[in-house]
Amino acid sequence: MPEKNELTEIKPGARVAFIGSESFPFIKTGGLGDVMYALPRALLPLGCEVRVLMPCYRCIPEKYRDQMEYRGSFMMDLTQDGRTFYVGIMELELDGVIYDFIDNREFFDWGNPYTGLWEDIPKYCYFAKASLAALNYLNWVPDVVHCHDWQAALVPVYLRTRFDGTPVSQARSILTIHNLRFQGICSIDHLKYWTGLPDYLFDYAVFKVNDGEANMFKGGLAYADRVTTVSETYAEEIQTDFYGEGLNGHLWYHRAKLRGIVNGIDIDIWNSRTDRLLPVQYDEKDVLSAKPVNKKALQERLGLMVDESKFVVGLISRLTDQKGLDLINAAFTQMINENMQVVILGTGDPRYENAFRYYENTYPGQVCAYIKYDESLAHQIYASSDALLVPSLFEPCGLTQLIAMRYGTVPIVRETGGLKDTVEPFNENTGEGNGFTFDQYRADLLLDAVQRAQRVYQEERDRWNAVVVRDMEKDVSWGLSAKRYLELYEELK
Ligand code: ADP
């Protein structure tokens, strides 16, 4: 990883404060935690100076808490009735990125980290305001405050209201949507109380959604100078009724400031050449000889019939409706055949867990349903499968198809969100493309895509192999995306 050093030029306009509720390696519950970790690191070599502000949760591992240094503290008013709260700033540096942890035991000493909206709303009202106050306290004025998801959505609103005229108000704001499903909705009275924000903001243009209800994400989207989400297609989709989670009208209204920038993956963690979790390590030069060996090892580990000629299809996923599992369920008995094996790794909705267990019992030696969260097995499945299935109903970006390509595993995806933007469909005429795709949310189209993939695998191996190598060569790192974020920061200057 690049380190901050004398040779790294700090470009004006690229001083960025990331504000969000979680970041790997301190605390991660989803993709947000990955982005908060990887994007700041990818911005450093581009000449950016980055600070990350996040809550100082009790559940952050001891080894990081021990490295934190106290940077100062102050009291901050917050609520409508003027109650004040302690704000402590604990700091550590990791690979050139400075992390400022906002410390307050009342809010962050329990939970892992989210508990329920009733408590989370006060927690993140406090966090948003305290983050801006901390930047003023530290006398570190960023060019951009880059806020993430509903937990940081009040930052753009505070910036232009309560912080107007203070040093930090020189910053412009970006709000990135990672997951539109969670929006921070509560009663207007509750949000008014905990933010202390003026009445005029609780109108339909900003916070108000229904009679008596306020939506924190909605307010942030209204006040942010730019709004981004994690793929171009998803940026379009969320302006429609089907994908907009009730905010489509609001997002359409603000569409001039909406952009899509696709996520990358950490190519040091996901590196098949150095991955110690694989029986055989490989890159694009020896993938074609390494994959069959890895495949046999996986088949042995999971009790599948050991035979390298089988077409092995993997699925690594949270087992929820979002992931298109009802399509797999509907197509399964027609899809499975004697030349195919299916490996499922996931946990979630018991309905899907049980369905996959049923298929494992019905097709012994051909289907494995591993109903667990298992990082090491995930690496092995990515490396050993021929294809990876991602038929999502919606997918803001999606990481599994990117990891699969990096490991020379051909994705079979539905053309939605980031799946559409990252997987170019295989062209039967030219042999070009990265994977097999289908458009409408229909089981027969999923079945057709899987059958097309299997046919190319079995009957046109040279073309299949060309896709495998091409996928491994595709740039799925954060490099390109970080450049696009930098362009956006510069656009705001
Ligand atoms: P989402 O964030 O919607 O769950 P993504 O595709 O963005 O979907 O990211 C999913 C990440 O979680 C990937 O890194 C994937 O490998 C990992 N993952 C999902 N389920 C499991 C599991 N059961 N075991 C190990 N890793 C998993």
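Reader: What makes the approach of threonine 400 to an oxygen atom of the ligand a polar contact?

Author: A backbone N or O atom of threonine 400 lies 3.4 Å from that ligand oxygen. A polar contact is a pair of N or O atoms within 3.5 Å (within protein, one must be able to donate a hydrogen and the other to accept it, and residues adjacent in sequence count only if both atoms are side-chain atoms). So the pair at threonine 400 qualifies.

Reader: What is the basis of these values?

Author: This is a predicted model: local features need pLDDT of at least 70, side-chain atom pairs count only at pLDDT 80 or more, and totals for chains, interfaces and linings use all residues. Residues are numbered from 1 along each chain as its sequence is written, and side-chain values use heavy atoms, with hydrogens and water left out.

Reader: Which atom of lysine 323 lies 2.9 Å from an oxygen atom of the ligand, and which atom of lysine 372 lies 2.9 Å from a nitrogen atom of the ligand?

Author: For lysine 323, a polar side-chain atom. For lysine 372, a backbone N or O atom. The protein covers 85% of the 570 Å² of accessible area that the ligand has on its own (Shrake-Rupley method, 1.4 Å probe).

Reader: How many nonpolar, polar and charged residues does the shell have?

Author: Seven nonpolar, four polar and five charged. Ala, Val, Leu, Ile, Met, Phe, Trp, Tyr, Cys and Pro count as nonpolar, Asp, Glu, Lys and Arg as charged, the others, Gly among them, as polar.

Reader: Why are α11 and α12 called roughly parallel?

Author: Helices α11 (residues 325-335) and α12 (residues 350-362) pack at about 25°, axes 11 Å apart. Angles under 35 degrees count as roughly parallel, over 145 as roughly antiparallel, 65 to 115 as roughly perpendicular and the rest as oblique. Therefore α11 and α12 are roughly parallel.

Reader: What is the peptide bond from phenylalanine 24 to proline 25, cis or trans?

Author: Cis, with omega near 5°.

Technical notes
Axes are lines fitted to C-alpha atoms, for helices over the stretch in contact, and angles run from 0 to 180 degrees between N-to-C directions. Helices (H or I, at least four residues) and strands (E, at least two) are DSSP runs, numbered from the N terminus.
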